[in-house]
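This report walks through one protein model, beginning with a strand and its neighbours and ending with charged side chains. Please keep the sequence and the structure in view while reading.

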Amino acid sequence: MIGAHVIVGYTGDAGGRDALALGTAITQVTGGELTVATIYPPGSPGQAVEAQANLAHAAGELGERPAEYMAFESRGAGRGLAVLASRIKADLIVVGSADGGQHGRIAIGSTSDHLLHLSSEAVMLAPAGYRPPAAPTRLTLAYVHRPQCDEAVERVAQAALLLGVPLRLITLDLRTEDAGRLRDDLALAVRLAWEGTGIEAEAEIAEGYDVAAAIGAVEWPPGDLLVCASSEDAQAHRVFLGELAMKVLRASICPVAVLPRGFN
C-alpha cells in the first residue's frame, strides 16, 4: 500500500498548505515517513534562501509531528520532486492545486503536469482548499476495462482491506458506449476484487453526457479518495494520465491518486 514514505511538494501558498495537510494525514493513517520538500532553481541564491524559509514555515505548521525537511535544486519543480522521491525511496508524491483554480477542484499546473506524465512514484493531488478528515472513509477506483485498471483493482482492494474502509468501483457512462457491456465489465472488476482479497466492492455506473456531469452524478462524502490507473501509453513503472482520466481528475472534489503503470 502506498504511504510508507510520503514526499510533499511544499510551496508557500495555499496549494502547498493543502498538500502538507493531505500528506500529513496520509502518514498518520499509514504510519509512514514524511518528507517535506521545496524545489528551487539552480544559480538562484535568493530562491534557495526562500526555500529554507518555506520549510521553516512548514515545520511550524506541523509542530512536533516527525518529518524531514529538504530544499532541493532543480530546473523544474516537477522534475525535482520526481528525482528526489526516487533518491529517498518515497512511494507517494503529494502536491496541491495550482493557483487560480476553482475552490474544491484540482487545477493542473506545470509541477503536477510533469508528475502526471513522468513520475515513477504514485502521485496524489489535493483539491484547492481541501482539509482532510482524521481518516479515509472509502477508496474509489475509476474503472475502465483495460489491463492497467484490472491490475489496479487488486492493489486498491488490498489497500482498502488494510485501511478497513469500503472499496467502490465506478465506471463512467457518457452515453457513447453500450451500457450493458459497461455493467458486465464492472461486474468482472467486482469479481477480481473478491477473488484477490475477499473484499466485496461496491459498483456504480456514473452517468452523464460529459465527464464532469457523470462525476457529479455520484456521491462523494468526506473522506473519499479517488484512484486512477495510468494510461496504457505509460512507460513501464511510470505515471501517464490519459485524456479521459485527466478530465476525471479535474472534475473530482476529493483527492486523486494516480498509480504508475505496473504499480505493485
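## Strand 6 and its neighbours

In this predicted model, the bridge partner of L139 in strand 9 is L225. The two strands concerned, strand 6 and strand 9 (residues 224-229), run in the parallel sense and are paired over four bridges. Strand 6 also pairs with strand 7 (residues 167-173), again in the parallel sense and over four bridges, and here A142 stands opposite I170 of strand 7. Between strand 6 and strand 7 the chain passes through helix 5 (residues 147-163), and the β-α-β crossover made in this way is right-handed.

Strand 6 itself, which spans residues 138-142, is mostly covered, with five of its five residues buried. In a regular strand, side chains alternate between the two faces of the sheet. In strand 6, R138, T140 and A142 point one way, while L139 and L141 point the other way, and all of them are buried.

## D224 and its surroundings

D224 is located in strand 9, and because its relative accessibility is 2%, under the 20% limit, D224 counts as buried. The side chain of D224 makes a polar contact of 2.6 Å with the side chain of R138. Leaving aside residues up to four places away in sequence, D224 touches T137, R138, L139, T140, R168, E219, C254 and P255.

D224 and R138 also appear together in a network of salt bridges, in which R138, R168, E202, E204 and D224 are linked.

## Salt bridges elsewhere

Side chains of opposite charge can pair when their charged atoms come close. The structure holds eight salt bridges, and one of them joins R131 to D18, with the closest N and O atoms 2.8 Å apart. R131 lies in the loop between strand 5 (122-125) and strand 6, whereas D18 lies in helix 1 (residues 14-30), so this pair ties together parts that are 113 residues apart in sequence. The two partners also differ in how far they are covered, since R131 is exposed at 52% relative accessibility, while D18 is buried with a relative accessible area of 3%.

Helix 6 provides salt bridges between residues that are four apart in sequence, including the pair R181 and D185, which are separated by about one helical turn and whose side chains meet at 3.0 Å, N to O. Of these two, R181 counts as partly exposed at 35% relative accessibility, whereas D185, with a relative accessible area of 10%, is buried. R191 and E195, likewise four residues apart in helix 6 and separated by about one helical turn, meet in a salt bridge of 3.6 Å, N to O. In this pair R191 is partly exposed at 49% relative accessibility, and E195 is exposed with a relative accessible area of 56%.

## A loop residue after strand 7

Where does T176 lie in the chain? T176 belongs to the loop between strand 7 and helix 6 (179-197), and because its relative accessible area is 65%, over the 50% limit, T176 is exposed. T176 and D210 are 34 residues apart in sequence, and their C-alpha atoms are 9.9 Å apart in space.

Key: Residues are numbered from 1 along each chain as its sequence is written. This is a predicted model: local features need pLDDT of at least 70, side-chain atom pairs count only at pLDDT 80 or more; totals for chains, interfaces and linings use all residues. Side-chain values use heavy atoms; hydrogens and water are left out. Buried means under 20% relative accessible area, exposed over 50%, partly exposed in between (1.4 Å probe, protein chains only). Two strands pair if DSSP finds at least two bridges between them. A crossover is right-handed if, with the strands pointing away from the viewer, the path from the first strand over the helix to the second runs clockwise. A polar contact is a pair of N or O atoms within 3.5 Å; within protein, one must be able to donate a hydrogen and the other to accept it, and residues adjacent in sequence count only if both atoms are side-chain atoms. Contact means heavy atoms within 4.5 Å. A salt bridge is a side-chain nitrogen of Lys or Arg within 4 Å of a carboxyl oxygen of Asp or Glu.
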